[in-house]
Amino acid sequence: MSSEYPSAPPPPYAPTNESYQQQPPHSQQPYSTQPYPPQGYSSDPYNAQPYSQQPPQQPPPSEPFGTQPYHYGNIDEGSDFDTAGAFTERSIRAGFIRKVYSILMCQLVVTVAFIAFFLYCDPVKEYAEDHVGLFIAAVVMSFVLIIALACCESLRRKFPHNIILLGLFTLCEGFLLGAAAR
């Protein structure tokens, strides 16, 4: 049982006709210097009037993001700040990460201290067991503070307010976890 398959057509790049003239590659064709659409045509089909001016030119390309130094505020040309080591993008990022991790470390130290205080100090443990209202107040305060930090941008972005709210939240969470760890 022999089956014959029809032969495949020749590839599209192989010329089959002698009169075929090879076109130059696309990149070698010259570009038109005329703006698009050509003069005399409008992009509005209902108002076919010639353009009164040339289309806007594209701005020149800028440097890639993160390669230029970042300056805070207005810096005069003659100041020594711009020559004494202006902050680069990498140093700003490293400083931000350092600040975030130091705040997180302080929060964890305070929380572990509260837990240890509640676990190893019997009078504090008994006081927390007798006064359940403090535990409920810590839960409510934690929710109020986290909502205030998440929703109120004016509190979250101002320097003394954000540190005070974050400190209060850490104290409430430390008390809450310490009382729950008994």
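# Exercises on a helical chain

The span of residues 132–151 is 100% helix and 0% strand, and its end C-alpha atoms lie 29 Å apart. This comes from a predicted model, so keep that in mind as you work through the exercises below.

**Exercise 1. Which helix matches residues 132–151, and how many helices and strands does the chain have?**

Step 1: Look for the helix with these limits; helix α3 covers residues 132–151.
Step 2: Now take in the whole chain, which has 5 helices and 0 strands.
Step 3: Reading from the N terminus, the order of elements is α-α-α-α-α.

**Exercise 2. Which residues does the UniProt annotation "transmembrane region" cover?**

Step 1: According to the unreviewed UniProt entry, the annotation covers residues 100–120, 132–151 and 163–181.
Step 2: Pick one of these, residues 163–181, and look at the chain there: 95% is helix and 0% is strand.
Step 3: The end C-alpha atoms of residues 163–181 are 26 Å apart.

**Exercise 3. How do the rings of F118 and F175 meet, stacked or edge-to-face?**

Step 1: Start with the count, since the structure holds 1 aromatic pair.
Step 2: In F118 and F175 the ring centres are 5.3 Å apart and the planes stand at 75°. Planes over 60 degrees apart count as edge-to-face, so the pair of F118 and F175 is edge-to-face.
Step 3: Place the two rings in the chain. F118 belongs to helix α1 (residues 89–120) and F175 to helix α5 (residues 159–180), so the pair ties together parts that are 57 residues apart in sequence.
Step 4: Check the surroundings: F118 and F175 are both buried.

**Exercise 4. Which residues make up the largest nonpolar core, and which helix supplies the largest share?**

Step 1: List the members, 7 residues in all: F118, V124, A128, A138, F175, L176 and A179.
Step 2: Sort them by helix. At least two residues come from each of α2 (122–130) and α5.
Step 3: Helix α5 gives the largest share, with 3 residues.
Step 4: Look for another core. A second, separate one has 5 residues, including L149, L165, F169 and C172.
Step 5: Go back to A179 and skip its neighbours within four places in sequence; A179 is then in contact with F118 and F135.

**Exercise 5. How many disulfides does the structure have, and why is there no bond between C151 and C152?**

Step 1: A search of the whole structure finds 0 disulfides.
Step 2: Take C151 as an example. The closest cysteine sulfur, in C152, is 6.4 Å from the sulfur of C151, too far for a bond. The cut-off for a disulfide is 2.5 Å.
Step 3: Compare accessibility with the cut-offs: exposed means over 50%, and buried means under 20%. C151 has 60% relative accessibility and therefore counts as exposed, while C106, at 45%, counts as partly exposed.

**Exercise 6. Where is V139, and what separates V139 from L177?**

Step 1: V139 sits in helix α3.
Step 2: With a relative accessible area of 25%, V139 is partly exposed.
Step 3: V139 and L177 are 38 residues apart along the chain, and their C-alpha atoms are separated by 9.9 Å.

**Exercise 7. What percentage of the chain's residues are buried?**

Step 1: The chain has 182 residues, and 12% of them are buried.
Step 2: Turn to the surface: the chain exposes about 15,800 Å², with carbon and sulfur atoms supplying 62% of this area.
Step 3: Finish with contacts. Among those with a separation of 6 or more, 44% join residues 24 or more positions apart.

Note on methods: Residues numbered from 1 in each chain as written. Predicted model: local features only at pLDDT ≥ 70, side-chain atom pairs only at ≥ 80, totals over all residues. Heavy atoms only, no water. Phe/Tyr/Trp six-rings, centres within 6.5 Å; stacked < 30°, edge-to-face > 60°. Helix = DSSP H or I, 4+ residues; strand = E, 2+ residues; numbered from the N terminus. Buried < 20%, exposed > 50% of the residue type's maximum accessible area, 1.4 Å probe, protein only. Core = buried A, V, L, I, M, F, W, Y, C linked by side-chain atoms within 4.5 Å. Contact = heavy atoms within 4.5 Å. UniProt positions renumbered as here; feature names shortened; annotations may be inferred. Areas by Shrake-Rupley, 256 points an atom, 1.4 Å probe, with all protein chains shown as cover.
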